[in-house]
Amino acid sequence: MLSFNEYKDLINSHLTDLIADPGEEAAVLADAMRYSLEVGGKRLRPVLLLASCDFAGGEIMEALPYALSLEYIHTYSLIHDDLPAMDNDDLRRGKPTSHKVFGEAMAILAGDALLSTAAETVTGAPLAFAGIPVKMAAHIRAAHEIMSRAGATGMIAGQTADIRGESLEPDADLIRYIELHKTADLITAPVRAGLMLAEADDDMLSAFTTYALDIGVAFQILDDILDIEGDQALMGKTLGKDAEQGKCNYAYVHGIDAAKEELHRLTAEAKDALSPYGDKASFFMSLADSLEIRNH
Ligand code: GRG
């Protein structure tokens with residue numbers, strides 16, 4: 001296993017390799033796609049994919065296109081989330097948002113193109129390895145896992161519930177639905193897809209699914225806490241918007257103390273799920289701990 005930063009460096013060094021050149025007539029599209037990818041980001045989702053695949057004995061270079069696809073999907077979701085029709089934000093990853101730099105139409109298209117590049121990447125990945133034996137069923141399962149958790153029953157369903165929640169009475173079930181789908185699905189997809197590529201057994205898949213859903217929900221709860229008491233410069237985005245927009249979230253509805261307790265409970269439950277793997281799972285145990293105390 002590598003360290004978080006070693007996986008991250010590998011991702012960053014290939015991040016824009018798969019951004020196609022649309023020709024001079026549409027060169028601005030590739031510029032906008034690259035801009036949002038390169039302005040920063042923790043790369044949590046692609047790192048999780050490489051680390052999960054590595055943990056289960058898979059080939060990380062074979063998993064790399066799938067990892068990149070996760071960052072394309074995540075970046076598209078941030079570009080679209082920042083649009084005036086959604087959260088209307090001027091700042092993301094500490095820099096002006098896509099629509100502030102390229103205009104609204106181009107920001108919509110850059111998001112669309114990142115999502116289609118992700119689909120092209122996961123469906124085309126086996127072809128990239130023509131000449132070496134490819135476990136086709138594993139590739140198809142991983143591709144389906146990524147695209148379905150990003151889609152109409154996954155992240156987009158969560159975003160829909162989040163927007164709907166602005167005009168509803170706060171409700172614990174709705175809050176958990178939003179956390180699970182808006183955020184945890186795109187953290188669970190890389191973990192499961194990485195294991196699928198390595199043909200991990202069902203017990204491992206089940207333990208790591210519990211881990212990923214827990215750290216995913218915890219990630220959103222801490223995001224909501226940081227929206228109230230975080231440091232704007234560190235977060236790289238405008239804070240305090242959830243209360244302004246009447247967001248249906250854990251910290252806003254149950255209070256900061258209850259949110260911190262739930263964050264801690266979920267982190268402990270996530271680590272507990274991996275206890276059968278002992279020290280071998282230390283990468284994931286430490287990651288859960290560091291995500292619990294992140295400040296950005
Ligand atoms: C617009 C289709 C569509 C979906 C939007 C991802 C999302 C769903 C909205 C973005 C806003 C938000 C609070 C999302 C929850 C997930 C989250 C906290 C994203 C930020 O992820 P980080 O902190 O970002 O990993 P970096 O910049 O580090 O990659």
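A polar side-chain atom of histidine 74 lies 2.8 Å from an oxygen atom of the ligand. The protein covers 92% of the 710 Å² of accessible area that the ligand has on its own. The model is a predicted one, and the space that the ligand takes up in this model is the largest pocket. This briefing treats the ligand shell, then the two pockets.

**Contacts with the ligand**

- The ligand is surrounded by 17 residues, of which Lys42, Arg45, His74, Arg93 and Gln220 come nearest.
- For lysine 42, an N or O atom of the side chain is 2.6 Å from an oxygen atom of the ligand.
- For arginine 45, the corresponding distance from a side-chain N or O atom to a ligand oxygen atom is 2.8 Å.

**Make-up of the ligand shell**

- Two or more residues of the shell come from each of helix H4 (60–81), helix H8 (155–165), helix H9 (172–197) and helix H10 (202–229).
- H4 provides the largest share of this shell, namely six residues.
- Sorted by class, the shell around the ligand comprises six charged, seven polar and four nonpolar residues.

**The largest pocket**

- The volume of the largest pocket is about 1100 Å³, and the ligand occupies this pocket.
- Its lining consists of 48 residues, and those nearest the centre of the pocket are Leu78, Asp81, Arg92, Asp223 and Lys237.
- At least two lining residues are supplied by each of helix H3 (44–55), H4, H8, H9, H10, helix H11 (232–235) and helix H12 (241–244).
- H4 gives the most to the lining of the largest pocket, contributing seven residues; H4 also gives the largest share of the shell around the ligand.
- By class, the lining of the largest pocket holds 21 charged, 14 nonpolar and 13 polar residues.

**The second largest pocket**

- The second largest pocket has a volume of about 190 Å³.
- The residues that line the second largest pocket are Phe4, Asn5, Lys8, Lys42, Leu44, Phe219, Leu287, Ser290, Leu291, Arg294 and His296.
- Lys42 thus appears in this lining, and Lys42 is also among the residues that come nearest the ligand.
- Helix H1 (4–14) and helix H15 (282–292) each contribute at least two residues to the lining of the second largest pocket.
- The classes represented in the lining of the second largest pocket are nonpolar, with five residues, polar, with three, and charged, with three.

Note on methods
Residues are numbered from 1 along each chain as its sequence is written. This is a predicted model: local features need pLDDT of at least 70, side-chain atom pairs count only at pLDDT 80 or more; totals for chains, interfaces and linings use all residues. Side-chain values use heavy atoms; hydrogens and water are left out. A residue is near a molecule or strand if one of its heavy atoms lies within 4 Å of it. A polar contact is a pair of N or O atoms within 3.5 Å; within protein, one must be able to donate a hydrogen and the other to accept it, and residues adjacent in sequence count only if both atoms are side-chain atoms. Accessible areas come from the Shrake-Rupley method with a 1.4 Å probe; for residues, only the protein chains shown count as cover. On a 1 Å grid over the protein atoms alone, a cavity is a set of points where a 1.4 Å probe fits but cannot get out, and a pocket is an open set with protein on both sides within 12 Å along at least five of seven lines; lining residues have an atom within 4 Å of a point. A molecule sits in a cavity or pocket if more than half of its atoms lie within 2 Å of its grid points. Helices (H or I, at least four residues) and strands (E, at least two) are DSSP runs, numbered from the N terminus. Ala, Val, Leu, Ile, Met, Phe, Trp, Tyr, Cys and Pro count as nonpolar, Asp, Glu, Lys and Arg as charged, and the others, Gly among them, as polar. Grid points are joined across faces, edges and corners, and a volume is the space filled by probe spheres set on the points.
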